[in-house]
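Me: I should like to learn how to read the features of a protein model. May we go through them one at a time?

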Amino acid sequence: MFDLIIRNANLPDSRKGIDIAVKDGKIAAIEASITAEAKEVIDATDRLVSPPFVDPHFHMDATLSLGLPRMNVSGTLLEGIALWGELRPIVTKEELVDRALRYCDLAVTQGLLFIRSHVDTSDPKLVTAEALLEVKDRVKPYIDLQLVAFPQDGYYRARDGVSSLERALDMGVDIVGGIPHFERTMDEGRASVEALCRIAADRGLPVDMHCDETDDPLSRHIETLAAETVRFGLQGRVAGSHLTSMHSMDNYYVSKLIPLMAEARINVIPNPLINIMLQGRHDTYPKRRGMTRVRELMDAGLNVSFGHDCVMDPWYSMGSGDMLEVGHMAIHVAQMAGIEDKKKIFDALTVNSAKTMGLEGYGLEKGCNADFVVLQAVDTLEALRLKPNRLAVIKRGKIVARSAPRIGELFLDGRPSKIDGGLDYVPGKKSR
Ligand code: FE2
């Protein structure tokens, strides 16, 4: 007797009609037609069952703070940073915890069960780190939360940037962050990359830097990050977030840079919603898209995973915790419209992000953790197109969220009818 069987599921790798049996929080079997019984059964006929979504780049200390203490009038990255600098000294731990927990509830309903969040360490009081460490502990039964010590105002540029970052790591923050393009000079940016990689090597921690989030093609800190990664033996443990300057770089320079990044096994984290919103702001027309070179980096064998970055905060007034919205934007901005392209985009929201975060036991194989999301879509392509309801979200074999299917009811020509998902369309299928 199994604890749970999900029957007749479609999987992201295109297998159809697969049963998934769960015992003690693990996948005990995954194959067609499992005959054994289970205490609980989910019928997933014509439904996609995926491993949960994974967000490798988020700011949970700022989320849901939209309008506090005022709105971002210009809508720019720099006013967002200034605005967050106004809120940070007056925000309380209780408020931070409350907003983060509300976001985590939203994330679970979206099938998002793994999140890497940056924590601003610029203010030496470190209320942000205290709050998110508490949140990490409280959401542990349903969300795996990793925290990055992020010197938002600059590691060298902020008065206590150096000591605050180390103290946050001492408190238990998991990952070393950075923001080299925001230091006072290119040289201080380069020095910050070296110092932060050294800290990571000494402490045995991963690195995840906001790197070159600018349209300036001469912002080349990713080159230093890749080189320092190799020098300190951190290959595969370092992530470069944003990398938007690569969009504007000279092609010849990029032809040298990408192999260096591959040598360092840099995990690349574009944030499509935020990049398309915030980059290119100094352009008139033509206006740059600003997202990094997703297709070229994937083709070179780099691990590319997409982050949500912001939801209703000083930088972005939109967002819903839905990684399919992130993927949907990525398809458009990267112009990755082919069938195989879209499959790669879905991977970048799931398995690639899991690799970036170093998750163990993630995936749809026997022995993996029984973590799933059942979507109201037949396959990954339909999921990306419709951003459908998450019918069931399962963590370690237990259902942690459910949503009713979206059904459109029609009353046309005196013949009531229903449309599954409100938009379902199968090529070749007849209309009413
Ligand atoms: Fe960010």
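The dialogue below takes up packed helices, a metal site and some backbone features of this predicted model.

Me: How is the packing of two helices described in general?

Reply: Two packed helices are described by the angle between their axes and by the distance between those axes. In this structure, helix 5 (residues 186-203) and helix 6 (residues 221-231) have axes 9 Å apart and pack at an angle of about 25°. Since angles under 35 degrees count as roughly parallel, helix 5 is roughly parallel to helix 6. Helix 5 passes helix 6 in a right-handed crossing.

Me: Which residues of helix 5 and helix 6 meet?

Reply: On the side of helix 5 they are Met186, Gly189, Arg190, Val193, Glu194, Cys197 and Arg198, and on the side of helix 6 they are His221, Thr224, Leu225, Glu228 and Arg231. By class, this contact of helix 5 with helix 6 comprises 4 nonpolar, 3 polar and 5 charged residues.

Me: At what angle do helix 6 and helix 8 cross?

Reply: The axes of helix 6 and helix 8 (residues 251-263) cross at roughly 30° and come within 9 Å. The two helices are therefore roughly parallel to each other, and their crossing is left-handed. Helix 6 contributes Ile222, Glu223, Ala226, Ala227 and Val230 to the contact, while helix 8 contributes Tyr253, Lys256, Leu257, Leu260, Met261 and Glu263. The residues of this contact divide into 8 nonpolar, no polar and 3 charged.

Me: Let us turn to the metal. What are the protein donors of the iron ion?

Reply: A general reference comes first: ideal angles at a metal are 109.5 degrees for four tetrahedral donors. Here the protein donors of the iron ion are His57 (NE2), His59 (NE2), His210 (NE2) and Asp309 (OD), which lie 2.1 to 2.4 Å from the ion. The arrangement is irregular because the 4 donor atoms subtend angles of 85 to 177° around the iron ion.

Me: How are the donor residues spaced in sequence?

Reply: Their spacing is H-x1-H-x150-H-x98-D. One pair links distant parts of the chain: His59 is in the loop between strand 6 (53-58) and helix 1 (77-87), and His210, 151 residues apart from His59, is in strand 10 (residues 207-211).

Me: Where are the cis peptide bonds that you would point out?

Reply: One joins Leu68 and Pro69, with omega about -15°; Pro69 is found in the loop between strand 6 and helix 1. Another joins Tyr285 and Pro286, with omega about 0°. Pro286 is placed in the loop between helix 9 (272-278) and helix 10 (294-299).

Me: What is the phi of Ser33?

Reply: Ser33 has a positive phi of about 55°, although it is not a glycine. Ser33 is in the loop between strand 3 (26-31) and strand 4 (38-43).

Technical notes
Residues are numbered from 1 along each chain as its sequence is written. This is a predicted model: local features need pLDDT of at least 70, side-chain atom pairs count only at pLDDT 80 or more; totals for chains, interfaces and linings use all residues. Side-chain values use heavy atoms; hydrogens and water are left out. Axes are lines fitted to C-alpha atoms, for helices over the stretch in contact, and angles run from 0 to 180 degrees between N-to-C directions. Helices (H or I, at least four residues) and strands (E, at least two) are DSSP runs, numbered from the N terminus. Angles under 35 degrees count as roughly parallel, over 145 as roughly antiparallel, 65 to 115 as roughly perpendicular and the rest as oblique. A crossing is left-handed if the near helix is turned anticlockwise from the far one by less than a right angle, and right-handed if clockwise. Contact means heavy atoms within 4.5 Å. Ala, Val, Leu, Ile, Met, Phe, Trp, Tyr, Cys and Pro count as nonpolar, Asp, Glu, Lys and Arg as charged, and the others, Gly among them, as polar. Donors are N, O and S atoms within 2.8 Å of the metal (3.2 Å for Na, K and Ca); water is not among the atoms, so sites may look incomplete. Four donors count as tetrahedral if all angles lie between 85 and 135 degrees; four count as square planar and six as octahedral if opposite donors are over 155 degrees apart and all others between 65 and 115; anything else is irregular.
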